Amino acid sequence: MASKKETEDKIRTILRRVYNTKVKNDTLGVTPDEVNFDKETFPILSKFENLRQILINLLTKQYEEFISDIWWVAPRPTTFKIILANDQYFYLTYGERSWVAKVEGKKYYLTNISEEERAAEAISRVLMYGTAGGEKEEVSGEVPTGGETPADETTPEAPAETPTEETPPTEETPEETVPA
């Protein structure tokens with residue numbers, strides 16, 4: 001049985017062969033230089049190479065570990081929604097002069113190094129958040145003995161009683177001050 005690496009190499013070889021015949025027949029409409037046959041986690045980055053460089057500047061070369069998806073949400077100005085691994089997100093917009101990162105409602109113009117650093121810090125703060133739904137990671141299913149509750153679990157308090165009927169307003173009127 002062939003190893004995983006051998007199988008991947010065979011698939012790449014077949015893809016290149018099929019692709020080259022399609023290019024010769026001009027049925028794809030793209031040149032071989034535009035296609036990356038290596039495994040691309042985010043195919044949109046092959047179309048927007050400068051977006052990849054911005055992500056590397058903001059998140060390091062290991063950006064794939066922190067991003068779950070990239071959406072192209074607007075053609076003009078070109079805007080991308082970067083969905084992080086914890087289901088939070090931020091936007092990157094390509095402007096006339098530079099890229100603009102919009103993180104938690106604040107815009108960072110990435111031409112300035114200081115703004116780029118602040119954007120990277122804001123993204124790292126967002127990465128520290130939990131999931132968007134506010135779900136907590138489950139604690140082990142062990143039941144505490146002796147009526148104890150673990151420190152990270154709290155007993156929910158009973159909701160405050162709300163009157164079911166509206167109480168009529170009281171007849172008291174505020175004292176009026178009459179100018180003398």
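Colleague: Which residue has its backbone oxygen 3.1 Å from a polar atom of the side chain of T78?
Modeller: The model is a predicted one, and in it T78 belongs to strand β2. T78 has a relative accessible area of 17%, and it therefore counts as buried. The backbone oxygen that lies 3.1 Å from a polar atom of its side chain is that of P75.

Colleague: Leaving aside neighbours within four places in sequence, with which residues is T78 in contact?
Modeller: T78 is in strand β2, and residues up to four places away in sequence are set aside here. The residues then in contact with T78 are F48, W72, L92, T93 and Y94.

Colleague: Which residue does a cis peptide bond join to R76?
Modeller: The residue in question is found in the loop between β1 and β2. The omega angle of the bond is about -10°. The residue joined to R76 by this cis bond is P77.

Colleague: What pattern do the helices and strands follow along the sequence?
Modeller: The chain has four helices and five strands. Read along the sequence, they give the pattern α-α-α-β-β-β-β-β-α.

Colleague: Which residues of helix α3 are buried?
Modeller: Helix α3 covers residues 49-59. One of its residues is R52, which is buried because its relative accessible area is 16%, under the limit of 20%. The full set of buried residues in α3 is L51, R52, I54, L55, L58 and L59.

Colleague: Within what arc do the buried residues of α3 fall, seen down the axis?
Modeller: The residues concerned are L51, R52, I54, L55, L58 and L59. They line one face of the helix, because seen down the axis of α3 they fall within an arc of 160°.

Colleague: What covers the buried residues of α3?
Modeller: The cover includes both helices and strands. Among the strands are β1 (67-75), β2 (78-84), β3 (89-94) and β4 (99-103). The helices included are α2 (44-47) and α4 (113-128).

Colleague: Which side chain does a polar contact of 3.0 Å join to that of R52?
Modeller: R52 lies in helix α3 and is buried, with a relative accessible area of 16%. The side chain joined to that of R52 by the polar contact of 3.0 Å is that of E49.

Colleague: Which residue just after α3 takes a positive phi?
Modeller: The residue is found in the loop between α3 and β1. At 41% relative accessibility, it counts as partly exposed. Its phi is about 75° although it is not a glycine. The residue is T60.

Colleague: What is the phi of D87?
Modeller: D87 has its place in the loop between β2 and β3, and at 46% relative accessibility it counts as partly exposed. It is not a glycine, although its phi is positive. The value is about 70°.

Colleague: How many aromatic pairs are there, and how are the rings of Y89 and Y91 arranged?
Modeller: The count comes to six aromatic pairs. The rings of Y89 and Y91 have their centres 5.6 Å apart and their planes at 75°, over the limit of 60, so the pair is edge-to-face.

Colleague: Is Y89 buried, exposed or partly exposed, and what of Y91?
Modeller: The range for the middle class runs from 20% to 50%. Y89 has a relative accessible area of 41% and is partly exposed. With a relative accessible area of 27%, Y91 is also partly exposed.

Colleague: How are the rings of Y94 and W99 arranged?
Modeller: Their centres lie 5.1 Å apart and their planes are at 65°. Planes over 60 degrees apart count as edge-to-face. The pair of Y94 and W99 is therefore edge-to-face.

Colleague: Which residues do ring pairs link into a cluster?
Modeller: Two of them are Y94 and W99. Y94 counts as partly exposed at 39% relative accessibility, whereas W99 counts as buried at 7%. The cluster consists of F48, W72, F80, Y94 and W99.

Colleague: Which residue lies over the face of Y89, and which over the face of Y108?
Modeller: The distance from the ring centre is 4.2 Å at Y89 and 5.3 Å at Y108. Over Y89 lies K81, and over Y108 lies K106.

Colleague: What share of the residues in the chain is buried?
Modeller: The chain has 180 residues, and its accessible surface comes to about 14800 Å². Of that surface, 51% belongs to carbon and sulfur atoms. The buried share of the residues is 22%.

How values were computed. Residues numbered from 1 in each chain as written. Predicted model: local features only at pLDDT ≥ 70, side-chain atom pairs only at ≥ 80, totals over all residues. Heavy atoms only, no water. Phe/Tyr/Trp six-rings, centres within 6.5 Å; stacked < 30°, edge-to-face > 60°. Buried < 20%, exposed > 50% of the residue type's maximum accessible area, 1.4 Å probe, protein only. Lys NZ or Arg CZ within 6 Å of the ring centre and 35° of its normal. Helix = DSSP H or I, 4+ residues; strand = E, 2+ residues; numbered from the N terminus. Arc of directions from axis to C-beta. Contact = heavy atoms within 4.5 Å. Areas by Shrake-Rupley, 256 points an atom, 1.4 Å probe, with all protein chains shown as cover. Polar contact = N/O pair within 3.5 Å; in protein donor to acceptor, adjacent residues only side chain to side chain.
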